[in-house]
Amino acid sequence: MAAIELHAADPGYASELRPKLYKFFIDAGVLLRPLGNVVYILPPYPILPADLNFIHDQIVESLAL
């Protein structure tokens, strides 16, 4: 499990960044759990390296939001 806290003007659970992150990840086909400005990653144990790299790449792309 990993958690990444993103810089936001309004940090916390009610951050306006959450709906943007949620939509971005759903549109990209990645099920991550953004709570406010924090993104939680809990991949399954048998995840393939290519799938984990895809998730990583989507997180990197989300930083442009």
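These legends accompany several close-up views of a predicted model of one protein chain.

**View 1. The whole chain, from one end to the other.**
Welcome to the model; let us begin with the overall layout. The chain contains 2 helices and 3 strands. Starting at the N terminus, you meet the elements in the order β-α-β-β-α. Along its principal axes, the C-alpha trace spans about 35 × 20 × 15 Å. The chain has a radius of gyration of 12 Å, which agrees with the value near 11 Å for a compact globule with 65 residues. Buried residues account for 29% of the 65 residues. Now think about contacts between residues with a separation of 6 or more: 57% of these contacts join residues 24 or more positions apart.

**View 2. Two helices packed together.**
Here we look at helix α1, residues 17-28, and helix α2, residues 49-62. Their axes lie 11 Å apart and make an angle of about 140°. That angle makes α1 oblique to α2, because the label "roughly antiparallel" is kept for angles over 145 degrees. The crossing of α1 past α2 is right-handed. Which residues of α1 meet α2? They are L21, F24, F25 and A28, and their partners in α2 are F54, Q58, I59, E61 and S62. Sorted by type, the residues of this contact comprise 6 nonpolar, 2 polar and 1 charged.

**View 3. F24, a residue of the helix contact.**
Now let us zoom in on F24, which belongs to helix α1. Is F24 buried or exposed? F24 counts as buried because its relative accessibility of 19% falls under the 20% cut-off. Setting aside residues up to four places away in sequence, F24 touches Q58, E61, S62 and L65. Of these, Q58, E61 and S62 are listed among the α2 residues that meet α1. F24 and I59 are 35 residues apart in sequence, and their C-alpha atoms are 9.5 Å apart in space.

**View 4. Y22, another residue of helix α1.**
Staying in helix α1, we come to Y22. With a relative accessible area of 37%, Y22 is partly exposed. Try finding L6 as well: Y22 and L6 are 16 residues apart in sequence and 13 Å apart in space, C-alpha to C-alpha.

**View 5. S15, in the loop before helix α1.**
S15 sits in the loop between β1, residues 2-5, and α1. A residue in a loop can still be shielded, and S15 is an example: S15 is buried, with a relative accessible area of 3%. What is S15 in contact with, leaving aside its neighbours within four places in sequence? The answer is A8, D10, G36 and N37. Keep N37 in mind, for the next view turns to that residue.

**View 6. N37, in the loop between two strands.**
N37 is found in the loop between β2, residues 33-35, and β3, residues 38-41. N37 counts as buried, with a relative accessibility of 3%. Not counting residues up to four places away in sequence, N37 touches I4, E5, L6, A8, P11, G12, S15 and L17. Among them is S15, the residue from the previous view. I4 and E5, also on this list of contacts, fall within β1, which runs over residues 2-5. L17 is another contact of N37, and helix α1 begins at residue 17. For a last look, find L48: N37 and L48 are 11 residues apart in sequence, yet 27 Å apart in space, C-alpha to C-alpha.

How values were computed
Residues are numbered from 1 along each chain as its sequence is written. This is a predicted model: local features need pLDDT of at least 70, side-chain atom pairs count only at pLDDT 80 or more; totals for chains, interfaces and linings use all residues. Side-chain values use heavy atoms; hydrogens and water are left out. Axes are lines fitted to C-alpha atoms, for helices over the stretch in contact, and angles run from 0 to 180 degrees between N-to-C directions. Helices (H or I, at least four residues) and strands (E, at least two) are DSSP runs, numbered from the N terminus. Angles under 35 degrees count as roughly parallel, over 145 as roughly antiparallel, 65 to 115 as roughly perpendicular and the rest as oblique. A crossing is left-handed if the near helix is turned anticlockwise from the far one by less than a right angle, and right-handed if clockwise. Contact means heavy atoms within 4.5 Å. Ala, Val, Leu, Ile, Met, Phe, Trp, Tyr, Cys and Pro count as nonpolar, Asp, Glu, Lys and Arg as charged, and the others, Gly among them, as polar. The radius of gyration is taken over C-alpha atoms; the globule rule is 2.2 Å times the number of residues to the power 0.38. Buried means under 20% relative accessible area, exposed over 50%, partly exposed in between (1.4 Å probe, protein chains only).
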